[in-house]
Amino acid sequence: MKQKKRKNVEADLLGSWVMERANRMATEYDVPQDEACRKAHLAKHLVELMGKGVVAFQYRKLDGTLRQARGTLCRDCSPEYDEALRRMAERNPENEIEPSDNPLDTVTYWDMDKRGWRTFLIRKLDPFNTQHSTLKIKK
């Protein structure tokens, strides 16, 4: 029973994560509500997958160009990522070492190709291109 209750709490938290971002896109950037919800769900899915491995995905940069990225939020996927987390922990020992101070409209990830932190705007995710073949965990 406790496990079921914990899953409900986790689902509520993830649901609020999605709705906070969807509402922000709809109100601040005039993104239609259904599109905002789809992109927020996709962003949540990306973050979950990046926590498990390296994920290939794409989004539009502010200049309109398509960015194909390989990112992670998973320890032991990249020595550079692990080193960056260690340095963050040394600078801020009482804070969480995961990048969590994102504004509601961005996702921060470790870029495997650029070997550094990158962010993208959730509203710039391309759900059609992303969902059809690029969401893959690469080990």
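This passage walks through a predicted model of one protein chain, from its overall layout to its core, its aromatic rings and its salt bridges.

The big picture comes first. The protein chain holds 4 helices and 5 strands, and reading along the sequence gives the pattern α-α-β-β-α-β-β-α-β. Of its 139 residues, 37% are buried. The chain exposes about 8,800 Å², with carbon and sulfur atoms supplying 50% of that area. As for how the chain folds back on itself, take the contacts between residues at least 6 apart in sequence: 52% of these join residues at least 24 apart.

Helix 2 is a good place to start looking inside. This helix runs over residues 33-50 and has 18 residues. From its first C-alpha to its last it reaches 25 Å, close to the 26 Å expected at 1.5 Å a residue. A good part of helix 2 is tucked away from the surface: A36, C37, K39, A40, L42, A43, K44, L46, L49 and M50 are buried. That list includes two lysines, K39 and K44, alongside residues such as L46 and M50.

The largest nonpolar core has 29 residues. Within that core, L46, M50, F57, Y59, Y109, F120 and L125 touch the most other members. Helix 1, helix 2, strand 1 (54-60), helix 3 and strand 3 each supply at least two residues of the core, and the largest share, 8 residues, comes from helix 2. L125 shows how these pieces come together. Leaving aside residues up to four places away in sequence, L125 touches K39, L42, A43, L46, Q58, Y59 and F120. Among these partners, L46, Y59 and F120 are themselves in the group that touches the most other core members.

A69 offers another view of the interior. This alanine sits in strand 2 (residues 66-72) and, at 4% relative accessibility, counts as buried. Sequence neighbours up to four places away aside, A69 touches V55, A56, F57, Y59, Y109 and D111. A69 and R118 are 49 residues apart along the chain, and their C-alpha atoms are separated by 9.7 Å.

Aromatic rings turn up repeatedly in this region, and the model contains 8 aromatic pairs. One of them is formed by Y59 and F120, which are stacked, with 5.0 Å centre to centre and 25 degrees between the planes. Y59 lies in strand 1 and F120 in strand 4 (residues 116-121), so this pair ties together parts that are 61 residues apart in sequence. Both rings belong to buried residues: Y59 has a relative accessible area of 6%, and F120 has one of 2%. The pair formed by W110 and W117 is edge-to-face instead, at 5.3 Å centre to centre and 85 degrees between the planes. Here W110 counts as buried at 4% relative accessibility, whereas W117 is partly exposed at 27%. Back with Y59 and F120, these two join F57 and Y109 in one aromatic cluster. The four members of that cluster, F57, Y59, Y109 and F120, are also among the core residues that touch the most other members.

Charged side chains make links of their own, and the count comes to 12 salt bridges. One of them joins R24 and D105, at 3.9 Å from N to O. R24 lies in helix 1 (residues 2-29) and D105 in the loop between helix 3 (79-91) and strand 3 (106-111), so the pair ties together parts that are 81 residues apart in sequence. R24 is partly exposed, with a relative accessible area of 27%, while D105 is buried at 7%.

Other salt bridges stay within a helix. An α-helix has 3.6 residues a turn, so residues three or four places apart point the same way. In helix 2, E35 and K39 are 4 residues apart, which is about one helical turn, and their closest N and O atoms are 3.2 Å apart in a salt bridge. E35 is partly exposed at 27% relative accessibility, but K39 is buried at 8%. In helix 3, E83 and R86 lie 3 residues apart, again about one turn, and their side chains meet in a salt bridge of 2.3 Å, N to O. Both ends of this bridge are partly exposed, E83 at 28% and R86 at 37%. The bridging goes further here: salt bridges with shared partners join E83, R86, R87 and E90 into one network.

Note on methods:
Residues numbered from 1 in each chain as written. Predicted model: local features only at pLDDT ≥ 70, side-chain atom pairs only at ≥ 80, totals over all residues. Heavy atoms only, no water. Salt bridge = Lys/Arg side-chain N within 4 Å of Asp/Glu carboxyl O. Buried < 20%, exposed > 50% of the residue type's maximum accessible area, 1.4 Å probe, protein only. Expected span 1.5 Å × (residues − 1). Contact = heavy atoms within 4.5 Å. Areas by Shrake-Rupley, 256 points an atom, 1.4 Å probe, with all protein chains shown as cover. Core = buried A, V, L, I, M, F, W, Y, C linked by side-chain atoms within 4.5 Å. Phe/Tyr/Trp six-rings, centres within 6.5 Å; stacked < 30°, edge-to-face > 60°.
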